[in-house]
Amino acid sequence: MKFLIVFVALFAVALAVPRPETEVVRQDSEVGPESFQFASETSDGSKHEAQGQLKNKGSDDEAIVVRGSYSWTDEKTGETFTVNYVADENGYQPQGAHLPVA
């Protein structure tokens with residue numbers, strides 16, 4: 001579970017780091033002992049939002065469930081890509097129209 005929290009946090013930081021020609025135009029976060037949510041957007045239109053909630057607190061099955069999405073626009077084609085994801089005890093599960101499906 002700690003790996004998942006660290007992964008999501010590092011992933012959020014990586015997406016929030018603006019490229020030299022972009023600026024952060026919105027960044028909101030709320031962190032509690034059993035949940036969190038954040039949203040960020042850069043001037044190039046990239047967005048990332050996520051919400052996390054602790055489930056089964058105090059049990060052997062305690063886990064954090066993170067639901068979120070991120071999107072960006074391809075600079076060459078102008079096409080916008082969006083990934084919706086769930087990260088929980090079953091791993092990271094991304095979905096997007098541009099992603100292959102097994």
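Student: In this predicted model, which residue of β2 is the bridge partner of Val24?

Tutor: The pairing to consider is that of β1 with strand β2, residues 35-42, which run antiparallel to each other over seven bridges. Val24 belongs to β1, which spans 24-31, and its bridge partner in β2 is Thr42.

Student: In what order do the six strands stand in the open sheet?

Tutor: From the N terminus on, the elements of the protein chain run α-β-β-β-β-β-β, that is, one helix and six strands. The six strands form an open sheet with antiparallel pairing, and their order in the sheet is β1-β2-β3-β4-β5-β6.

Student: Which strands stand at the edges of that sheet, and why is one side of each left without a neighbour?

Tutor: An edge strand here has a single partner strand, so one side of it is left without a neighbour in the sheet. The strands in that position are β1 (24-31) and β6 (91-95).

Student: What does the twist average from one strand to the next?

Tutor: The value refers to the open sheet in which six strands pair in the antiparallel sense. Going from one strand to the next, the twist averages 10°.

Student: Is Ser71, which lies in strand β4, buried or exposed?

Tutor: Ser71 lies in the strand that covers residues 63-73, and, setting aside residues up to four places away in sequence, Ser71 touches Gly45, Ser46, Lys47, Thr80, Phe81 and Thr82. The cut-off for the buried class is a relative accessible area under 20%. Because the relative accessibility of Ser71 is 14%, this residue counts as buried.

Student: And Lys57, in the loop between β3 and β4, is that residue buried or exposed?

Tutor: Lys57 is placed in the loop that follows β3 (47-55) and leads to β4. A residue is called exposed when its relative accessible area is over 50%. Since the relative accessible area of Lys57 is 57%, the residue is exposed.

Student: With which residues is Lys57 in contact, leaving aside its neighbours within four places in sequence?

Tutor: One of these contacts spans 23 residues in sequence, since Lys57 and Glu34 are that far apart along the chain while their C-alpha atoms are 8.5 Å apart in space. With neighbours within four places left aside, the contacts of Lys57 are Glu34 and Glu62.

Student: What percentage of the exposed area of the protein chain do carbon and sulfur atoms supply?

Tutor: Of the 102 residues in the protein chain, 25% count as buried. The chain exposes about 7,100 Å², and the share of this area supplied by carbon and sulfur atoms is 53%.

Key. Residues numbered from 1 in each chain as written. Predicted model: local features only at pLDDT ≥ 70, side-chain atom pairs only at ≥ 80, totals over all residues. Heavy atoms only, no water. Helix = DSSP H or I, 4+ residues; strand = E, 2+ residues; numbered from the N terminus. Buried < 20%, exposed > 50% of the residue type's maximum accessible area, 1.4 Å probe, protein only. Areas by Shrake-Rupley, 256 points an atom, 1.4 Å probe, with all protein chains shown as cover. Contact = heavy atoms within 4.5 Å. Pairing = 2+ DSSP bridges. Axes fitted to C-alpha atoms, helices over the stretch in contact; angles between N-to-C directions.
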